[in-house]
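Here are some exercises to work through with the model open beside you. Try each one before reading its solution.

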Amino acid sequence: MLTAIIDYESGNLHSAEKAFQRMAREVDGGEVVVTSDADVVAQADRLVLPGDGAFPACAEELRGHRGIYEAMVEAVEQNGRPFLGICVGMQLMATTGHEYRDTPGLGWVAGDVVKITPSDSTLKVPHMGWNNLVIDHDHAIFDGITSGDHTYFVHSYHFRVTDPSERLAHVEYGGDVTAVIGRETIVGMQFHPEKSQDIGLRMIGNFLTWAP
């Protein structure tokens, strides 16, 4: 079993690599590698797409790594490999991102990535720090997780899904802010599981053993 964390120059992947490798050992989840090799992406049993920065820049970098991009799309769309998007990696699953300019996403989960606009003017953007998950729909990624558990966020934009059934969890921040999305073999987390202590590690382990 091989999990590939896709390196498309979107940020420092060291902490994610260590967290996934730790949980792979704990749950017998096989090997975890960080890779920019399209052949490895094509052969992997599971794929993880992280992302830090602005939506347009991440989308451009991802599509610019053409061998990786095509291998990832084929693995998910044609071969049904389990896929996890993290932070901007989750946002890239959308139809369109509206950060700075309208930018096409992967279109795997219908919806738009829009700026967080809290109803309470005292709440600052970016939404940064710990917040309580509200689980909207059961999913294997939540095994051992309950509403009220804390995860760690750093973001100014969030995923406004078209189909409410594909928003698996949210947090409250002057209104609903999407935290987890998913359908079929794909799932995404707006927060950083590698920075979310035991809860985040548990969810990483759940992904590594998920059999959709």
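The exercises below go from strands to annotated residues to salt bridges.

A quick word on the ground rules: this is a predicted model, where local features need pLDDT of at least 70, side-chain atom pairs count only at pLDDT 80 or more, and totals for chains, interfaces and linings use all residues. Residues are numbered from 1 along each chain as its sequence is written, and side-chain values use heavy atoms, with hydrogens and water left out.

**Exercise 1.** Work out which strands pair with strand 4, and which way its side chains point.

*Solution.* Start with the terms: strands are DSSP runs of E with at least two residues, helices are runs of H or I with at least four, and both are numbered from the N terminus. Two strands pair if DSSP finds at least two bridges between them.

Next, take the partners. Strand 3 (residues 46-49) runs parallel to strand 4, with 3 bridges, and here V48 has L84 as its bridge partner. Strand 14 (residues 186-189) also pairs with strand 4 in the parallel sense, over 4 bridges, and I86 sits opposite M189.

Now the side chains. In a regular strand they alternate between the two faces of the sheet. In strand 4 (residues 83-86), F83 and G85 point one way, L84 and I86 the other, and all are buried. Buried means under 20% relative accessible area, exposed over 50%, and partly exposed in between (1.4 Å probe, protein chains only).

**Exercise 2.** Find the strand order of the open sheet of 4 strands and name its edges.

*Solution.* The order is 6-5-7-11, with mixed pairing. Strand 6 (103-104) and strand 11 (157-161) are the edge strands, as each pairs on one side only. Going in from strand 11, you meet strand 7 (residues 111-115), and these two are antiparallel over 5 bridges. One pair to click on is V114 opposite H158.

**Exercise 3.** Locate the residues annotated "active site" and describe the surroundings of H192 and E194.

*Solution.* The unreviewed UniProt entry puts that label on C87, H192 and E194; positions follow the numbering used here, feature names are shortened, and annotations may be inferred rather than shown by experiment. The three residues are spread over 108 residues of sequence, yet they cluster in space, with a largest C-alpha distance of 11.1 Å.

H192 is in the loop between strand 14 and helix 6 (197-209), and E194 is in the loop between strand 14 and helix 6 too. H192 counts as buried because its relative accessibility is 5%; E194 counts as buried at 19%.

For contacts (heavy atoms within 4.5 Å), skip neighbours within four places in sequence: H192 then touches D52, I86, C87 and Y152, while E194 touches S15, A16, A19, I86 and I204. Finally, the side chains of E194 and H192 share a polar contact of 3.1 Å. That term means a pair of N or O atoms within 3.5 Å; within protein, one must be able to donate a hydrogen and the other to accept it, and residues adjacent in sequence count only if both atoms are side-chain atoms.

**Exercise 4.** Pick out the salt bridge of R167 with D176 and see what else is linked to the pair.

*Solution.* A salt bridge needs a side-chain nitrogen of Lys or Arg within 4 Å of a carboxyl oxygen of Asp or Glu. R167 and D176 manage that at 3.2 Å, N to O. R167 is buried at 18% relative accessibility, whereas D176 is partly exposed at 39%. Add D136, and you have a network of salt bridges linking D136, R167 and D176.
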